[in-house]
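This briefing covers a ligand shell, three helices and the nonpolar cores. The sequence and structure are shown first.

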Amino acid sequence: MANEKSDFARTVTSFRNFVIQKPDSQFPAESGRYHLYISYASPWASRCLAILKLKGLDKAISFSSVQPLRRKTKENDEHIGWVFPDSDTEVLGAERDHLNGAKSIRALYDIANLNYKGKYTVPVLWDKKLNTIVNNESCQILRMFNTEFNHVAENPSLDLYPTNLRAIIDETNEWIYQFASLFDINAGRLYRSTKLRPIPKFHNLYHLKAEVCRSSLQLLPAFLERCPNLKNLILEYSVTVYPEQMDFTNVPRCLISTLEYVEIKKHMIGDETGMKLVNYFLENSAILKTLTLSFSYSSSIELESYKKLLTSTKLSPKCQVIIV
Ligand SMILES: N[C@@H](CCC(=O)N[C@@H](CS)C(=O)NCC(=O)O)C(=O)O
């Protein structure tokens with residue numbers, strides 16, 4: 001047995017317990033026992049709320065949201081994180097923490113484990129009985145909501161993780177994590193990961209708004225190839241790539257058969273990449289109806305060169321170029 005003095009406090013970086021439908025388990029699936037803390041500004045937390053609603057678990061599992069903007073969580077350090085408002089009326093959709101009286105999500109993690117050393121993230125699935133965090137990983141919370149609360153769900157037969165689709169759901173989920181970390185952590189990761197594994201196919205993706213950076217711009221044709229039904233594309237970019245680094249010889253299927261609207265929002269002055277991108281869409285999109293270009297800043301010379309596009313050759317004869 002470990003000696004109390006030498007036994008060091010292990011650091012905790014995540015909570016990965018499972019609610020299961022067994023009355024004698026540590027976290028049994030009981031109605032009214034669990035609370036989901038979310039932020040409407042978090043996609044990970046919002047997907048848990050979506051499943052809670054779709055399964056009809058509103059009466060069985062309560063939920064509340066923090067304020068949408070993160071703020072300082074303690075006087076004596078610089079940490080910025082999710083905070084609760086001081087009243088239920090000051091921020092639309094956000095409420096005070098009626099369960100624990102916490103001022104921040106960080107304070108909830110402190111209640112659950114003072115040795116916690118990870119990030120203070122949402123979603124958090126909270127056990128009101130044991131006063132602790134059950135799980136803070138959205139993907140696992142989704143699985144619990146899908147299967148473990150069916151005896152109290154209004155839509156118990158709705159299976160959002162059916163056996164025949166599990167492989168593709170898991171693959172897409174994995175990819176979305178990598179894609180999200182492109183913006184959060186490291187742009188190179190997505191680029192590398194697409195070299196290791198194929199990009200999943202997004203059959204039902206009709207509208208896409210993407211902020212592109214250096215490596216994701218290089219990946220654009222390969223990504224569009226996996227969106228066979230894309231109709232509407234908005235691209236916003238604020239970095240420039242050497243035009244010769246962009247290989248736009250590949251023409252994805254959506255350009256030939258479904259893409260009707262493209263909008264390019266550009267925040268750079270005098271870069272050739274933007275022009276190359278615009279030409280790529282004009283020369284290769286067979287049924288394009290409108291290509292809109294908007295600039296944050298632009299020189300008059302540059303604007304003139306873009307205006308030439310109004311009369312240049314387009315694959316789609318009906319395509320209108322709009323410069324705003
Ligand atoms: N693996 C987690 C990621 C959750 C996550 O990163 N949440 C973000 C909001 S989208 C967060 O709460 N970040 C707080 C912070 O970084 O301080 C999940 O999917 O549940």
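The shell around the ligand comprises 6 nonpolar, 4 polar and 2 charged residues; here Ala, Val, Leu, Ile, Met, Phe, Trp, Tyr, Cys and Pro count as nonpolar, Asp, Glu, Lys and Arg as charged, and the others, Gly among them, as polar. The model is predicted: local features need pLDDT of at least 70, side-chain atom pairs count only at pLDDT 80 or more, and totals for chains, interfaces and linings use all residues. Residues are numbered from 1 along each chain as its sequence is written.

**Ligand shell**
- The residues around the ligand (C-beta atom, placed from the backbone, within 6 Å of it) are Ser42, Pro43, Trp44, Gly81, Lys119, Tyr120, Thr121, Val122, Pro123, Glu137, Ser138 and Cys139.
- Two or more of these residues come from each of helix 1 (43-54) and helix 3 (138-147); helices (H or I, at least four residues) and strands (E, at least two) are DSSP runs, numbered from the N terminus.

**Helix 1**
- Trp44, Ala45, Cys48, Leu49, Ile51 and Leu52 of helix 1 are buried, that is, 20 or more other C-beta atoms, placed from the backbone, lie within 10 Å of their own.
- Seen down the axis of helix 1, the buried residues fall within an arc of 160°, so they line one face of the helix; the arc is that of the directions from the helix axis to the C-beta atoms.
- Strand 1, strand 2 and helix 3 are among the elements that cover the buried residues of helix 1.
- Gly56, with a positive phi near 70°, follows helix 1.

**Helix 3**
- The buried residues of helix 3 are Ser138, Ile141, Leu142, Met144 and Phe145.
- Viewed down the axis of helix 3, they lie within an arc of 165° and therefore line one face of the helix.
- These buried residues pack against helix 1, strand 5 (124-127) and strand 6 (132-135).

**Nonpolar cores**
- The largest nonpolar core (buried Ala, Val, Leu, Ile, Met, Phe, Trp, Tyr and Cys residues joined through C-beta atoms within 7 Å) has 41 residues.
- Helix 1 provides the largest share of this core, 6 residues.
- Another core, of 19 residues, lies apart from it and includes Val212, Leu217, Leu224 and Leu277.

**Helix 8**
- In helix 8 (residues 272-284), Gly274, Leu277, Phe281 and Asn284 are buried.
- The buried residues of helix 8 fall within an arc of 130° seen down its axis, so they line one face of the helix.
- Their cover includes helix 7 (253-257), strand 9 (261-266) and strand 10 (290-295).

Methods. Expected span 1.5 Å × (residues − 1). Buried ≥ 20, exposed ≤ 12 C-beta atoms within 10 Å, placed from the backbone. Contact = placed C-beta atoms within 7 Å.
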